Amino acid sequence: MSVWGYIIGSFILLLALIIIGVVLLQEGRRAGISGAISGAADSFLSKNKARSVDAKLARWTKYIVIAFFVLILAANIIAIALA
């Protein structure tokens, strides 16, 4: 394995860990239902804040996943070219 293989492999591993972290930070789609059933009330500002944070996390997830796939494709092209 060449130096570029180790570099790209470490970036792939780093991006995979970042994807896992960002996905785990996102709030579940059904999180509001359990709060409504138990009687917990959120204020208007807290709902908008959570929605904007979730929207930012969802947007970052898309960008990181796109970078992940581009890096995987680049690694495969480099591997084929060196073989």
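These are my notes on a nonpolar core and three residues in a predicted model.

Entry 1, the core. I looked up which residues make up the largest nonpolar core. There are nine residues in all: Ile-8, Ile-12, Leu-15, Ile-19, Val-22, Leu-57, Ile-64, Phe-68 and Leu-71. I then checked which elements give two or more residues to this core, and found α1 (3-25) and α3 (44-82). The largest share, five residues, comes from α1. As a general note, nonpolar side chains tend to be buried together in soluble globular proteins.

Entry 2, Ile-8. I picked Ile-8 from the core list and looked up its contacts. Leaving aside neighbours within four places in sequence, I find Ile-8 in contact with Leu-71, Ala-75 and Ile-78. Of these partners, Leu-71 is itself listed in the core.

Entry 3, Thr-61. I located Thr-61 in helix α3. Is Thr-61 buried or exposed? Its relative accessible area is 15%, and the cut-off for buried is under 20%, so I record Thr-61 as buried. Not counting residues up to four places away in sequence, Thr-61 touches Val-22, Val-23 and Gln-26. Val-22 is one of the core residues.

Entry 4, Phe-11. I located Phe-11 in helix α1. Its relative accessible area is 45%; partly exposed lies between 20% and 50%, so I enter Phe-11 as partly exposed. I also looked up how far Phe-11 is from Ile-72. The two are 61 residues apart in sequence, and their C-alpha atoms are 9.8 Å apart in space.

Key:
Residues numbered from 1 in each chain as written. Predicted model: local features only at pLDDT ≥ 70, side-chain atom pairs only at ≥ 80, totals over all residues. Heavy atoms only, no water. Core = buried A, V, L, I, M, F, W, Y, C linked by side-chain atoms within 4.5 Å. Buried < 20%, exposed > 50% of the residue type's maximum accessible area, 1.4 Å probe, protein only. Contact = heavy atoms within 4.5 Å.
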